[in-house]
Amino acid sequence: MALENANTIPTAEVAHLIDLHLGDLCEQEPSWQVVDSPISGRGIFARRDIKRGELIFRERTLLNGPTASKDTVLNTCAVCFRLLDEDKALCAAGCALPICDACQQSGAHDMECKLFRYWVPKDTTRIVPYALRILSVMRCYFLCPEKRRLLLAMQANPDKYYKREVERAAECFENFPTDKETLGFFYRTVSVYNTNAFEGRSIVDGHETSVRALFALAGLMNHNCTPNVSHHFENAQTIVVTAARDIAQGEEITATYTKILWSTLARQLFLRGTKHFTCRCKRCLDPTENGTYLSALFCREQGCKGIVIPEHTKTLQPDWRCVTCDTVAPHAKMSRYQDFALNTINNRINTSTVHDLITFINDMCPRFCPPSNYVLVEAKLNVIWRMQRFKGDFTEEEVRHRDRYREEILEILEKLGAGDCTLKKLITNEIP
Ligand SMILES: [Zn+2]
Ligand SMILES: [Zn+2]
Ligand SMILES: [Zn+2]
Ligand SMILES: [Zn+2]
């Protein structure tokens with residue numbers, strides 16, 4: 001299927017549609033504007049100098065819905081994301097979606113309820129994940145003409161899977177639409193999600209759930225490996241974008257599409273594979289990544305205790321060079337070594353308790369992985385997340401290790417020049 005090219009809609013029209021979409025959140029004199037970007041397609045640019053910490057914009061979601069992923073609690077209201085009693089979660093009208101009483105009575109769920117019932121769910125006795133996930137897509141039906149046009153203006157890179165989600169959902173209903181136009185609209189919406197979605201956390205009455213959300217303005221932010229904004233969700237509906245550092249007039253406002261602590265090769269592979277472009281930001285061009293050495297592996301030369309890093313940054317298969325003894329190693333060899341470290345550490349992350357993971361990080365990892373390597377840094381981050389999330393009883397020693405990991409990560413972010421980035425705010429608890 002040919003997805004209509006988003007760039008056929010003029011940038012000036014997109015800017016106008018965004019103002020309409022922002023509604024009461026549209027400021028009189030915004031600090032930003034939407035214009036054509038040298039990075040890719042359109043982008044958001046600073047109209048004036050913006051100070052670190054300054055709010056850039058708030059935006060309500062254009063479309064959203066439950067992710068219905070494996071690790072989410074399915075009995076969560078599909079409209080307001082409140083936790084529901086397991087035995088009273090299903091909508092009383094028979095659409096087989098989890099809906100709370102309040103949303104049922106407010107009418108917020110009426111139209112989608114009707115449509116789901118018209119499609120006739122095959123199983124009305126339980127919440128079916130594929131049927132629940134398609135809700136975030138089928139809600140595109142109910143957008144007003146301006147918002148539909150805005151959705152159409154959003155970038156949609158078809159990946160291998162854009163049809164699968166709709167096909168899986170179709171199997172859950174007796175009467176799922178089969179006409180080309182509707183399916184085309186759904187396919188396009190899935191692609192827009194896959195290209196632009198922000199996976200956000202919604203916390204309602206202490207119940208946390210992950211939400212798949214599409215933001216027309218935030219989605220226009222192009223990528224930089226060290227972005228100049230941070231974002232968080234005020235609730236499941238609203239994203240808040242803030243300057244992570246000072247931004248000069250005319251500078252492009254950028255977010256990151258990868259994890260900020262990944263090594264350059266890991267980021268490049270991800271961007272190439274999922275976003276179909278090669279990043280050429282300052283960080284990508286510096287083999288030391290501002291002296292963080294996030295890619296570093298140990299030198300295998302006898303007697304040398306140095307680290308090796310990729311020599312070039314312009315290829316996905318660089319030679320690697322030891323910063324101490326200058327020995328050059330081929331990429332194939334280093335890539336096997338990196339994969340070994342990644343698998344060994346990820347295995348432990350998935351199977352260990354916090355206590356065992358800390359011991360592994362402190363005692364075992366230094367034998368095969370330099371402390372600056374991103375996989376090891378990610379493992380430390382995992383300890384921080386788990387201790388933040390499961391507020392169990394942790395020993396003083398465990399807390400001390402966590403605090404040290406946090407200091408190390410803050411130091412890396414400082415070297416990267418990441419300012420008050422999203423990750424920094426998350427690990428210092430500035431964002432709940
Ligand atoms: Zn609700
Ligand atoms: Zn219903
Ligand atoms: Zn980059
Ligand atoms: Zn060496």
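**Strand pairing, overall architecture and helix α13 in the predicted model**

Four bridges join β4 to strand β6, which comprises residues 207-214, and these two strands run antiparallel. In this predicted model, the pairing places G65 opposite R212 in β6. Strand β6 is also joined to strand β5, residues 198-204, through seven bridges, again in an antiparallel arrangement, and within this pairing V211 of β6 is the bridge partner of G200. The connection between β5 and β6 is a hairpin with two residues between the strands, and D205, which lies in the turn, has a positive phi of about 50 degrees.

These strands belong to a protein chain whose secondary structure comes to 14 helices and 14 strands. The C-alpha trace of the chain spans about 70 × 50 × 40 Å along its principal axes. The radius of gyration is 23 Å, which agrees with the value near 22 Å that would be found for a compact globule of 432 residues. Of these 432 residues, 39% count as buried, and among the contacts with a separation of 6 or more, 64% are accounted for by residues that stand 24 or more positions apart.

The chain is divided into three parts, namely domain 1 (6-61 + 215-255), domain 2 (63-214) and domain 3 (264-427). Between the C-alpha centres of domain 2 and domain 3 there is a separation of 36 Å.

Positive phi values also occur in loops. Most residues other than glycine have a negative phi. F81, however, is a residue other than glycine with a positive phi near 65 degrees, and its position is in the loop between β4 (63-66) and α2 (101-106). F81 is buried, because 26 other C-beta atoms lie within 10 Å. For N290, likewise a residue other than glycine, phi is positive and near 55 degrees. N290 is placed in the loop between α9 (264-275) and β11 (297-298), and, with 16 C-beta neighbours inside 10 Å, N290 counts as partly exposed.

Helix α13 was examined in further detail. This helix, residues 396-416, has 21 residues and reaches 30 Å from its first C-alpha to its last, close to the 30 Å expected at 1.5 Å a residue. Its buried residues are H401, R402, Y405, I412 and L413. Because these buried residues cover an arc of only 115 degrees around the axis, they are placed on the same side of α13. The elements against which the buried residues of α13 pack are α11 (354-368), α12 (374-389) and α14 (422-427).

On the other side of α13, the exposed residues are E396, E397, V399, R400, D403, R404, E407 and E411. For E407, which has its place in helix α13, the assignment as exposed rests on 9 C-beta neighbours inside 10 Å. The C-alpha atoms of E407 and T428 are separated by 9.9 Å, the two residues being 21 residues apart along the chain. Just after α13, G417 takes a positive phi of about 75 degrees.

Key
Residues numbered from 1 in each chain as written. Chains lettered and ligands numbered in written order. Predicted model: local features only at pLDDT ≥ 70, side-chain atom pairs only at ≥ 80, totals over all residues. Rg over C-alpha atoms; globule rule 2.2 N^0.38 Å. Buried ≥ 20, exposed ≤ 12 C-beta atoms within 10 Å, placed from the backbone. Contact = placed C-beta atoms within 7 Å. Domains from an automatic or database assignment. Expected span 1.5 Å × (residues − 1). Arc of directions from axis to C-beta. Pairing = 2+ DSSP bridges.
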